[in-house]
Amino acid sequence: MSSVRSLDRGCVQGSVLGPSLFSLYCLELESCLSEVRVISYADDSYVIVSAEDETNLINKLTRVLQKHFEFLHGLGMVVNQGKTELMFMQKMTNLEINIGSTKAPR
């Protein structure tokens, strides 16, 4: 038998309730990030960003990721930066994206 514990917010990782709560929390994420496509499943979210050129992409991506991190932080959630990845469908030459104090790898 498990012991009873009090949680300030959220739920225990790996619980049955976790993915449902995440989905409820993230219902507003797509409206917060209206200029991109957001796909959420279980405890993951994917943001699809497109732009006409590299400069616009970097500016848009920086703005969108900052909003995304702030949204999750406002819900008391933490972004696991070790699991956060960027994937590009075209070769980028001058890529430098900063989110807070974190710089995305080239």
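Begin by selecting Glu35 and Arg63 in this predicted model. Their side chains form a salt bridge, with 2.9 Å between N and O. Glu35 sits in the loop between helix 2 (29-32) and strand 1 (37-41), while Arg63 belongs to helix 3, so the pair ties together parts that are 28 residues apart in sequence. Side chains of opposite charge can pair when their charged atoms come close.

Keep Glu35 selected and add Lys67. The side chains of these two residues also meet in a salt bridge, here at 3.8 Å from N to O. This pair again links distant parts of the chain: Glu35 is in the loop between helix 2 and strand 1, and Lys67 is in helix 3, 32 residues apart.

Now display Glu35, Arg63 and Lys67 together. These residues are linked in a network of salt bridges. How many salt bridges does the structure hold? The number is 2.

Are the members of this network buried, partly exposed or exposed? Glu35 has a relative accessibility of 31% and therefore counts as partly exposed, since that class lies between 20% and 50%. Arg63 is partly exposed too, with a relative accessible area of 38%. Lys67 is likewise partly exposed, at 31%.

**Across from Arg63**

Leave Arg63 selected and add Leu33. Along the sequence, Arg63 and Leu33 are 30 residues apart, and their C-alpha atoms are 9.5 Å apart in space.

**Along helix 3**

Next, select helix 3, which covers residues 54-74. Among the elements of the chain, helix 3 has the highest mean pLDDT, 86.

Within this helix, pick out His68. Is His68 buried or exposed? His68 has a relative accessible area of 6%, and because this is under 20%, the residue counts as buried. Show its surroundings next: leaving aside residues up to four places away in sequence, His68 touches Leu29, Leu33, Ser45 and Val47.

**The nonpolar core**

Now turn to the interior. The largest nonpolar core has 13 residues. Select the members with the most contacts inside this core: Cys26, Leu29, Leu33, Val36, Val38, Val49 and Val64. Which element supplies the largest share of this core? Helix 3 does, with 6 residues.

Narrow the selection to Cys26. Apart from residues up to four places away in sequence, Cys26 touches Ser40, Phe71 and Leu72.

**A nonpolar patch on the surface**

Move outward and select Ile39, Tyr46 and Ile48. Together, these residues make a nonpolar surface patch of about 290 Å².

Start with Tyr46, which is found in strand 2 (residues 44-48). Tyr46 has a relative accessible area of 46%, so this residue is classed as partly exposed, between the limits of 20% and 50%.

Continue to Ile48, which also has its place in strand 2. At 47% relative accessibility, Ile48 counts as partly exposed. Which residues does Ile48 touch, not counting residues up to four places away in sequence? They are Val36, Arg37 and Ile39. Ile39 is thus a contact of Ile48 as well as a member of the patch.

From Ile48, extend the selection to Val64. The two residues are 16 apart along the chain, and 10.0 Å separates their C-alpha atoms. Val64 is one of the core residues named above.

**The whole chain**

Finally, clear the selection and display the entire chain. The chain has 3 helices and 4 strands. In what pattern do they follow one another along the sequence? The pattern is α-α-β-β-α-β-β.

Colour the chain by accessibility next. Of the 106 residues in the chain, 21% are buried. The accessible surface comes to about 8400 Å², and 52% of it belongs to carbon and sulfur atoms.

Consider contacts over the chain as a whole. Among the contacts with a separation of 6 or more, 45% are between residues 24 or more positions apart.

End by colouring the chain by pLDDT. The average over the chain is 77, and 80% of the residues score at least 70. Which element has the lowest mean pLDDT? Strand 4 (residues 102-103) does, with a mean of 59.

Note on methods. Residues are numbered from 1 along each chain as its sequence is written. Side-chain values use heavy atoms; hydrogens and water are left out. Patches are made of residues with over 30% relative accessible area and no salt bridge: like charges are joined within 9 Å, nonpolar side chains (Val, Leu, Ile, Met, Phe, Trp, Tyr) within 5 Å. Accessible areas come from the Shrake-Rupley method with a 1.4 Å probe; for residues, only the protein chains shown count as cover. A salt bridge is a side-chain nitrogen of Lys or Arg within 4 Å of a carboxyl oxygen of Asp or Glu. Helices (H or I, at least four residues) and strands (E, at least two) are DSSP runs, numbered from the N terminus. Buried means under 20% relative accessible area, exposed over 50%, partly exposed in between (1.4 Å probe, protein chains only). A nonpolar core is a set of buried Ala, Val, Leu, Ile, Met, Phe, Trp, Tyr and Cys residues joined through side-chain atoms within 4.5 Å. Contact means heavy atoms within 4.5 Å. pLDDT is the predictor's confidence in each residue, from 0 to 100.
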